[in-house]
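Here is a friendly note to read alongside the model. Please keep the 3D view open and find each residue as you come to its name.

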Amino acid sequence: MAVVDSADEQPEQLIPWATGTSGAAWRASDAYAYEQDPVRFLSEAVGRCGDTFRFGRNAVFLGDPDEVHTVLTETGRAFHTGRDILDGFRSSPDEITALWMRGRRAGRAGLTARAASAGAHRMRERIRADLAALAGRPVDAVDQAPGLCSRAALAYCLAEVPDALPARLATAAVRLTGVLNATLPVPAWVPGSAAHRARASVRSLASVLTEAVEERRRGGEGGHGDPDLLDALLTDADASAQDARAALQMIITGTHVVPGAALTWLLAELATRKGLLGSIRAEAAARGMDGELPYATAVVKESLRLHPPVWLMTRDVALPAKVAGYGVGPGDQLIFSPYLLQRDARWWDDPDRFRPERWLDELPARRARRAYIPFSGGARICAGYRLGLLQLTLAVALLATQYTVEIVGDVDLTPTYESVLAPRRLRVRWDPTPAR
Ligand code: HEM
C-alpha cells in the first residue's frame, strides 16, 4: 500500500467485479447471493477475481494478509474507521476521533497487566458467581453470554459497579448492534427509529457513568480500595470529568456483544468436543488459576480463529492511495474478512480443523500471524484485547474446573453473518462436576 502524492496521477483500474463470464458490474442477483451467504459469495469471488477486486460501486475487497496488515497500520492516516452510526450525535468526526484516541491512551494504563491483578481478581469472582447462578439449568447461550461477559469486564474496569450499569449497558449495546445490523438505516433524528432509541439508551448509560465519575472524584483516587480503570482515566492530568466519562463509556460499550459472541462459540466447542474440558481441567489443576494457562488460552485463540465475532471489517479511504497496486480514493471503502483470512489454506494447515495445539507446538508463520486479526490491528486494535483474552480464558478454565457442559435440545450452529458472527441457536447446561 502506498499513499499517492500527486492528485494528477491516474490510479490503475481495479479488476472488475465479475459475474458469470460477462465481467459485468454488480447485479441484483449478486446482492441476493451475498445476503444468503456472504462468506461463500466472497470466497467464490476471490476464486474468480483474485485477492483484490472492486465489489459493488465503491467497495474494494482485500484478501491478502500483508495488504490488510498495511491498511490496519495506516488507519488514522490514509484510512478511517468509518461513520458515526448515530449520525454525528456527539460532534464532528475529527473531534470524536481525537477524544476517542485520547480516551484509549488514558485507558491503556487501566487495561494493562500492571492493573490486572486487582481487576482480574474481581473479574474471576464475578465469573465464578455468575456461572454458579446459571448452573444446573438450560441456558440460552446466545442470550446470556453477552451479559456474562460484560458483568465480568465491568468488575475488572470498576472496583464498584453501579447497580443500574449492567442493564443500561446491555440495552445500549443491543440497540447499537440493531442499528449496525439494519439493512435500511433510518436516521437517529426520526422519532421511534432504531437509531433514535439507541441514542436514548446511550444517553441513559452516560448518565449512570457521569454519576459514577462524580462520586469517584468526590471520594478521591483509590478511596475505594482497589485501583481500577476509572482511576487510570482520572489520573490523566488534562482529562476533565467529561473526558473520563466519555472514555469509560467508549471502552465499556465494547464489553457486551462481541465478547458475548466469542463466549457463545467457546461454549459450543466445550460442549461438543470430547476431551477438551478434561485437558483444560488438568492444566488448571496443575498450574492453579492465578498463573498463565497456555492450553486454555490456546483454546480461546483457536475458537477466535474459527469464529471471529467481527468477521468483516471496513476502512474508509481518506486520501488517494494504492492498495495491492490498485488506485483507491476518498469515497471508496476497503473490506476485509478476519473469517476468510483465518480459514485460508494458504496460511493455515488444516484450516477448518479445531486444533488448539497449533498455538502451542509451533508459532504460526509470519504470513499466518498477519492473517490472524480477531482483535483487528494497528492503532485501532481492540482497546480491550488483553482483557478480552483474559476473561475468556478465565471463563473456560472456571467452567472446566467446576462443571461438565452439554448441549440441550436442538442447536443451530450456522453463523449469523450480521455485524457480529454468532451461532443462530445454542442452549447449554453446565452441572457441577461430581466429586471423585
Ligand atoms: C473478547 C473478545 C473481543 C473481540 C474478539 C474484540 C474484537 C474487536 C475488533 C475486531 C475491534 C476492531 C473493529 C474494527 O477495527 O473495525 C474491536 C474494537 C474495540 N473493542 Fe474489542 N473485542 C473484544 C473484547 C473487547 C473488550 C472486553 C473491550 C473493552 C474492555 C473491547 C473494547 C473495544 C473498543 C473500545 C474498540 C474500539 C477501538 C477503536 O476503534 O479505537 N473489546 N474489538
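1. E302 is a good place to begin, because its relative accessible area of 0% makes it buried. (Buried means under 20% relative accessible area, exposed means over 50%, and partly exposed is in between, with a 1.4 Å probe and protein chains only.) R305 is buried too, also at 0%. The side chains of these two, E302 and R305, meet in a salt bridge, with N and O 2.9 Å apart. A salt bridge here is a side-chain nitrogen of Lys or Arg within 4 Å of a carboxyl oxygen of Asp or Glu. Both residues sit in helix α13 (residues 294–306), and because they are three residues apart, about one helical turn separates them. Elsewhere, salt bridges with shared partners join R124, E125, R128 and D290 into one network.

2. Before going further, a word on where the values come from. This is a predicted model, in which local features need pLDDT of at least 70 and side-chain atom pairs count only at pLDDT 80 or more, while totals for chains, interfaces and linings use all residues. Residues are numbered from 1 along each chain as its sequence is written, and side-chain values use heavy atoms, leaving out hydrogens and water.

3. Now the overall picture. The protein has 16 helices and 13 strands; these are DSSP runs numbered from the N terminus, helices being H or I with at least four residues and strands E with at least two. Of its 436 residues, 48% are buried. Among contacts with a separation of 6 or more, 73% are between residues 24 or more positions apart. Contact means heavy atoms within 4.5 Å.

4. How many salt bridges does the structure hold? There are 19. Side chains of opposite charge can pair when their charged atoms come close. One of these pairs is D51 with R346, at 3.0 Å from N to O. This pair links distant parts of the chain, 295 residues apart: D51 is in the loop between α2 (38–49) and β2 (52–55), and R346 is in the loop between α14 (338–342) and α15 (366–370). D51 counts as buried because its relative accessibility is 18%, whereas R346 is partly exposed at 46%.

5. Please compare that with a pair inside one helix. R126 forms a salt bridge with D130, and their closest N and O atoms are 2.8 Å apart. Both lie in helix α5 (residues 113–134), four residues apart, which is about one turn of the helix. R126 is partly exposed, with a relative accessible area of 34%, while D130 is buried at 7%.

6. Stay with helix α5 for a moment, since I127 lies there too. I127 counts as buried, at 4% relative accessibility. Leaving aside neighbours within four places in sequence, I127 is in contact with A152, Q391, L394, A395 and L398. The C-alpha atoms of I127 and L392 are 9.9 Å apart, although their positions lie 265 residues apart along the chain.

7. A152 is the next stop, in helix α6 (residues 141–157). Is A152 buried or exposed? A152 counts as buried, because its relative accessibility is 1%. Not counting residues up to four places away in sequence, A152 touches M123, R126, I127 and Q391. The C-alpha atoms of A152 and A395 are separated by 9.4 Å, and these residues are 243 apart along the chain.

8. Next, look at how two helices pack. The axes of α7 (residues 165–181) and α8 (residues 194–219) come within 8 Å and cross at roughly 155°. (Axes are lines fitted to C-alpha atoms, for helices over the stretch in contact, and angles run from 0 to 180 degrees between N-to-C directions.) That angle makes α7 roughly antiparallel to α8, a label for angles over 145 degrees. Residues making the contact include L165, L169 and L176 of α7 and A198, V202 and L205 of α8.

9. Finally, the cysteines. A disulfide is a covalent bond between the sulfur atoms of two cysteines. The search criterion was a pair of cysteine sulfur atoms within 2.5 Å, and across the whole structure it finds zero disulfides. C49 is buried, with a relative accessible area of 8%, and C149 counts as buried at 3%.

Technical notes. Parallel < 35°, antiparallel > 145°, perpendicular 65-115°, else oblique.
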